[in-house]
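Here are a few notes to read with the structure open beside you. Take them one at a time and find each spot as you go.

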Amino acid sequence: MTQKNVTISIAEGLIAKTTTSIIEKANDYPCSLVIESNDRRVNCKSLLGVLSLGLKCGDEILLCADGEQEEQALAALSAML
């Protein structure tokens, strides 16, 4: 398992449009991807899960990946966030 702390830098935060592009990128990787924020864990490949976190610009999250291509997945997703 690989983990990385990420600060959301998207000005409007994770709204439906930006979250959809992040989920599409997450689905390019076969590994399990999870976002942790405020003692909650959600599947990074779930639109409703990610939106339920209500993440805004400046919020810090822990991005976790487990499985094949986990390091590449974290690098790609953290660059988008």
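1. Let's begin with a pairing you can trace by eye. Keep in mind that this is a predicted model. Strand 1 and strand 4, the latter covering residues 60–66, run antiparallel to each other and are linked by six bridges. To get your bearings within that pair, look for Val 6, which sits opposite Ile 61 of strand 4.

2. Now zoom out to the whole sheet. Four strands make it up, in the order 1-4-2-3; the pairing is antiparallel and the sheet is open. Strand 1 (2–7) and strand 3 (40–43) are the edge strands, so-called as each of them pairs on one side only. If you ignore direction, neighbouring strands here are turned by 25° against each other on average.

3. Next, have a look at Glu 36, which you'll find in strand 2 (residues 32–37). Is Glu 36 buried, exposed or partly exposed? Its relative accessibility is 23%, and because buried means under 20% and exposed means over 50%, Glu 36 counts as partly exposed.

4. Who does Glu 36 touch? Setting aside neighbours within four places in sequence, Glu 36 is in contact with Arg 41, Ile 61, Leu 62 and Cys 64. You've met Ile 61 already, as the residue opposite Val 6. With Arg 41 there is also a polar contact: the side chains of Glu 36 and Arg 41 are joined by one of 2.3 Å.

5. One last distance to check on screen. Lys 25 and Glu 36 are 11 residues apart along the chain, and 18 Å separates their C-alpha atoms.

Technical notes. Residues numbered from 1 in each chain as written. Predicted model: local features only at pLDDT ≥ 70, side-chain atom pairs only at ≥ 80, totals over all residues. Heavy atoms only, no water. Pairing = 2+ DSSP bridges. Helix = DSSP H or I, 4+ residues; strand = E, 2+ residues; numbered from the N terminus. Axes fitted to C-alpha atoms, helices over the stretch in contact; angles between N-to-C directions. Buried < 20%, exposed > 50% of the residue type's maximum accessible area, 1.4 Å probe, protein only. Contact = heavy atoms within 4.5 Å. Polar contact = N/O pair within 3.5 Å; in protein donor to acceptor, adjacent residues only side chain to side chain.
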